[in-house]
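Let's take a friendly walk through this chain together. We will begin with a database annotation, then turn to the fold and end at a pocket.

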Amino acid sequence: MPSRLALAVGLLIAGAAADVGTTYVALSGSEYVEGSPVGRLFIARFGLFGGMLLTKVVGMAVIGVPVAVAGGTRRFVATLMCAGVGALSLAVAARNLLFVAGLWA
């Protein structure tokens, strides 16, 4: 049975790939504008792939730093960061797909 950390890393990889892919499709095929001002800035400055990866790093810090300060173990912090950013990325990818399909305004 895989560990929680391994599952969280898998979720992060799947979520990041889905988010980058659907954002690319949404940006290239429509009037879509990146919803996050931070993401928009990073994409404008570092390109789609670099900007999206940088937003993932920022998201991990936003999730991980408070948990680490509260006394979480390194393994727990890493698991929570990966799972949190992965789940949020999958949610954004789903929203992007709904936008491209015309079901989200």
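UniProt, in an unreviewed entry, places the feature "transmembrane region" at residues 42–69 and 76–104; such annotations may be inferred rather than shown by experiment. The model itself is predicted, with local features needing pLDDT of at least 70 and side-chain atom pairs pLDDT 80 or more, while totals for chains, interfaces and linings use all residues. Residues are numbered from 1 along each chain as its sequence is written, and side-chain values use heavy atoms, without hydrogens and water.

How do those two stretches look in the model? Residues 42–69 are 100% helix and 0% strand, with end C-alpha atoms 27 Å apart. Residues 76–104 are 86% helix and 0% strand, and their end C-alpha atoms lie 35 Å apart. The chain holds 3 helices and 0 strands (DSSP runs: H or I of at least four residues for helices, E of at least two for strands).

Stepping back, the C-alpha trace spans about 45 × 30 × 20 Å along its principal axes. Of the 105 residues, 30% count as buried, meaning under 20% relative accessible area with a 1.4 Å probe, protein chains only.

Now for the largest pocket (an open set of points on a 1 Å grid where a 1.4 Å probe fits, with protein on both sides within 12 Å along at least five of seven lines; lining residues have an atom within 4 Å of a point). It is lined by 16 residues, with Asp19, Ser36, Thr55, Lys56 and Val92 nearest its centre. Helices H2 (37–69) and H3 (74–100) each give two or more residues to this lining, and H2 gives the most, with 7.

Technical notes. Buried means under 20% relative accessible area, exposed over 50%, partly exposed in between (1.4 Å probe, protein chains only).
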